[in-house]
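Reader: I should like to see how the labels attached to this model are justified. Please set each value against its criterion.

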Amino acid sequence: MQTPYLLTFDTIGSPDLGYIAVAENSALPFPIKRTYWIYCTPETVLRGHHAHHELQQLVIAVHGRIEFTLENVAGEKSTFLLDAPEVGLFIPEMHWRTINFSHDAVLLCLASTEYNEADYIRSFEEFKSVARR
Ligand code: TYD
C-alpha cells in the first residue's frame, strides 16, 4: 500500500522576480494524463467524500489554503494542509478524502488517468468493504 506524502516542486526565481514552479513527468510519481482545477468553493462546503480504485493524484494549492483528510484501507487517517504553491500532495489510489477550502483557494490536480466515473467509490460503506476484500 502506498502512502500519501508531500513533495516540493523545483522552482525558478527570486523574491524580486517572482517564481515559476515546474512539474515534469520525469520527476513525478506517475505520468500525467489529465489536469483539472477547482475554485470558488464556499468555506462551508466539504468536498471529496470518495476514493478511487486506481487513480493517483498530485494536488497543489496554487492559491489559498486547502486541507485534505485522507483515510487508507486500514482506517488510518492523516491530515495535510496545503498553503504553498510549490508544494504538492501525492494521493495514492484507495484513499477516502474530505477536502476543505479557503474561498480564495485554487486546487490544481495532476491526475494519472483520464476521467472515469467507474473508478470512483462514492459510498464509505463500499470503500470499507472493498478494503476488506
Ligand atoms: P468530483 O471528483 O466528485 O469532485 P469533488 O470530490 O471535489 O466534489 O467531481 C464533481 C463532478 O464533476 C462529478 O459529477 C464528476 C465531474 N467531473 C468530470 O466530469 N470530469 C473530471 O475530470 C472531474 C474531476 C470531475
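Author: The model is a predicted one. A residue is called buried if 20 or more other C-beta atoms lie within 10 Å of its own, and exposed if 12 or fewer do.

Reader: Why is Met94 called buried or exposed, whichever applies?

Author: Met94 has 20 other C-beta atoms within 10 Å. The criterion for a buried residue is 20 or more, so Met94 is classed as buried. Met94 is placed in the loop between β9 (87-91) and β10 (96-101).

Reader: What makes Cys40 buried or exposed?

Author: The count for Cys40 is 9 other C-beta atoms within 10 Å. An exposed residue has 12 or fewer, and Cys40 is therefore exposed. Its loop connects β4 (34-39) and β5 (46-52).

Reader: What is notable about the phi of Cys40 and the phi of Met94?

Author: Phi is near 60° in Cys40, which is a residue other than glycine with a positive value. For Met94, also not a glycine, phi is positive and near 55°. Most residues other than glycine have a negative phi.

Reader: How do you know that β4 and β11 pair?

Author: Pairing requires at least two bridges between the strands. β4 and β11 (residues 106-111) are joined by 6 bridges, so the criterion is satisfied, and they run antiparallel. Within this pairing, Thr35 has Leu110 of β11 as its bridge partner. Strand β6 (residues 57-63) also pairs with β11, in the antiparallel sense and over 6 bridges. There, Leu58 has Leu110 as its bridge partner.

Reader: What makes β8 and β12 edge strands?

Author: The open sheet contains 5 strands in the order β8-β7-β10-β5-β12, with antiparallel pairing. β8 (77-82) and β12 (120-121) each pair on one side only, and are the edge strands. Inside that order, β5 and β10 run antiparallel and are joined by 4 bridges. His50 stands opposite Arg97 of β10.

Reader: Which residues form the shell around the ligand, and what is the criterion?

Author: A residue belongs to the shell if its C-beta atom lies within 6 Å of the ligand. The residues around the ligand are Tyr36, Ile38, Arg47, Gly48, His50 and Tyr115. β5 supplies the largest share, 3 residues, while β4 and β5 each contribute at least two.

Reader: How does the shell divide into nonpolar, polar and charged residues?

Author: The division is 3 nonpolar, 2 polar and 1 charged. Tyr and Ile count as nonpolar, Arg counts as charged, and Gly is among the polar residues.

Notes. Residues are numbered from 1 along each chain as its sequence is written. This is a predicted model: local features need pLDDT of at least 70, side-chain atom pairs count only at pLDDT 80 or more; totals for chains, interfaces and linings use all residues.
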